[in-house]
Amino acid sequence: MRVILASASPRRRELLAQIGIPFEVQVSHVEERSTASTGEKLVEELSGQKARTVLQMVLGEKVFREEIVLDEDGLASRGDPVPGGGRPAAGRESLLVIGADTVVSVGGRILGKPKDATDAAGMLALLAGGSHQVCTGVTLLYCGRDGQTRQKVFHETTRVDFYPMSEREIAEYVATGDPLDKAGAYGIQGLCARYIRGIEGDYNNVVGLPVGRLYQEAREWLEEGNLSGAGGKKAVIFDLDGTLSDSIASIKYSCDLALAPFGYGPYSVAQYKYFVGDGAANLVKRALAAGGDDTLAHFEEAYALYRRIFQENCMYQVKPYEGIRELLAFLKERGVAIAVLSNKPHAETVHVIETLFGEGYFDVIQGQQEGLAIKPSPEGVFRILDRLGLVAGEILYLGDTATDMCTGKGAGAFTVGALWGFRHRKELEEAHADAIIAKPMELVRFL
């Protein structure tokens with residue numbers, strides 16, 4: 001059984017992962033249109049548009065006519081096949097698509113996502129000091145192994161009370177950028193929590209997805225697909241530099257030494273954090289280009305020198321990040337396999353891991369080797385999966401860069417971005433990380 005979330009929202013992905021359902025993300029990019037006059041009807045209608053579009057994309061056919069008539073239980077069969085389309089063949093894997101849409105309503109006015117900072121400030125001024133409703137509509141489309149499609153549509157409403165906000169407080173909050181991608185121009189789980197007086201209803205609904213209600217509505221289908229959430233993930237694949245180990249000092253030390261004979265460098269730690277990420281060769285190329293060697297005339301010599309220097313100094317001031325040892329111990333105690341995938345040369349990758357954590361501690365260690373494409377190619381993930389005897393849906397992939405997120409997603413894994421590494425939240429969000437965490441032990445929420 002495949003579960004697909006038809007949403008790009010990082011918050012919805014985190015909530016769905018929190019209840020232990022393995023899923024993938026496909027975004028419909030459908031133009032949202034509705035003539036609904038109430039928030040409840042609007043979110044149900046828009047969630048349905050998203051879910052139907054994604055189901056059509058996955059099946060490669062026109063699945064539904066525009067109008068779907070529900071029976072008294074809120075269920076619908078797929079109806080007549082559309083010419084040129086047809087039903088999916090019976091016996092294939094079952095499929096559950098989840099569409100969702102959220103709006104805020106106050107005094108009869110429906111608030112979606114703000115158009116800009118001015119619009120966000122206006123919405124917050126409207127909400128401050130009063131009460132409003134947050135309504136999320138959810139559409140579940142289940143395509144069973146018998147080839148029939150069933151649908152459930154529901155909405156959940158939560159009342160939220162705000163403390164008053166001054167113009168200065170509104171301006172400061174808007175300046176953070178947090179309101180700009182959220183219905184009603186605020187996120188209850190972020191900085192705006194300081195202005196929340198109270199709520200009545202489902203908190204997760206305000207975040208973006210009423211996962212308790214969703215689970216109960218989809219329970220029979222999830223159990224049929226053996227995806228009730230009891231199994232959990234069986235392995236975690238870690239990036240090395242910037243995720244497991246703080247190794248930037250060793251990279252800077254080696255590269256500065258390698259560039260010095262050619263008159264380039266030294267560079268700052270901050271610069272090296274953006275030179276690294278997709279292999280030693282690209283690191284040296286970026287460092288040379290930053291110094292003015294646009295044609296990379298010195299690349300071959302500098303790269304060979306870097307490799308020799310780094311081989312001797314790959315452990316220079318290297319240490320695990322705070323909380324990593326505790327996370328690894330937690331995973332091993334619970335029988336979750338642990339693996340490393342790095343663009344660092346394989347010999348150095350093994351040396352660093354075994355020096356920091358001991359020989360045989362990790363189940364699989366995979367560095368850069370001849371014949372294996374480096375990240376963001378997912379080839380390394382597939383090689384690790386083969387050795388573990390697992391599939392992508394059974395793993396978490398943890399890394400600190402967009403390269404890591406692309407690698408995990410390319411393999412079909414659930415991707416988690418680490419904020420303690422070399423890059424920032426914005427890069428991870430733009431790379432569509434399924435979840436982002438600030439401390440290693442937060443990973444266990446997604447197992």
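Helix α7 has a well-covered set of residues: Ile248, Ser250, Ile251, Ser254, Cys255, Asp256, Ala258 and Leu259 are buried. In this predicted model, those buried residues of α7 pack against β9, α8 (269-275), α9 (280-290) and α10 (299-313). When you look along the helix, one rule of thumb helps: an α-helix has 3.6 residues a turn, so residues three or four places apart point the same way.

The length of α7 (residues 248-259) can be checked too. At 1.5 Å a residue, its 12 residues should span 16 Å, and the end C-alpha atoms are 16 Å apart, so expectation and model agree.

Strand β9, one of the partners of α7, also borders the next site. Asp239 sits in the loop that runs between β8 (235-238) and β9 (245-246). Is Asp239 buried or exposed? Its relative accessible area is 5%, and because that is under the 20% cut-off, Asp239 counts as buried. The side chain of Asp239 has a polar partner there: it makes a polar contact with the side chain of Lys375 at 2.8 Å. Setting aside neighbours within four places in sequence, Asp239 is in contact with Leu244, Leu341, Lys375, Leu398, Gly399, Asp400 and Asp404.

Now to the cysteines. How many disulfides does the model contain? The count comes to zero. Take Cys192 as an example: the closest cysteine sulfur, in Cys135, is 19 Å from its own, and a disulfide needs the two sulfur atoms within 2.5 Å, so the pair is too far apart for a bond. Cys192 is buried, with a relative accessible area of 0%, and Cys143 is buried as well, at 3%.

Here are the residues with individual accessibility values side by side.

| Residue | Relative accessible area | Class |
|---|---|---|
| Asp239 | 5% | buried |
| Cys143 | 3% | buried |
| Cys192 | 0% | buried |

Finally, the whole protein. There are 15 helices and 15 strands, and the C-alpha trace spans about 75 × 60 × 45 Å along its principal axes. For 447 residues, a compact globule would have a radius of gyration near 22 Å; the protein has 25 Å, which agrees. Of those 447 residues, 51% count as buried. Among contacts between residues at least 6 apart in sequence, 67% join residues at least 24 apart. The accessible surface comes to about 19700 Å², with 48% of it belonging to carbon and sulfur atoms.

How values were computed
Residues are numbered from 1 along each chain as its sequence is written. This is a predicted model: local features need pLDDT of at least 70, side-chain atom pairs count only at pLDDT 80 or more; totals for chains, interfaces and linings use all residues. Side-chain values use heavy atoms; hydrogens and water are left out. Helices (H or I, at least four residues) and strands (E, at least two) are DSSP runs, numbered from the N terminus. Buried means under 20% relative accessible area, exposed over 50%, partly exposed in between (1.4 Å probe, protein chains only). A polar contact is a pair of N or O atoms within 3.5 Å; within protein, one must be able to donate a hydrogen and the other to accept it, and residues adjacent in sequence count only if both atoms are side-chain atoms. Contact means heavy atoms within 4.5 Å. The radius of gyration is taken over C-alpha atoms; the globule rule is 2.2 Å times the number of residues to the power 0.38. Accessible areas come from the Shrake-Rupley method with a 1.4 Å probe; for residues, only the protein chains shown count as cover. The expected span of a helix is 1.5 Å times one less than its number of residues.
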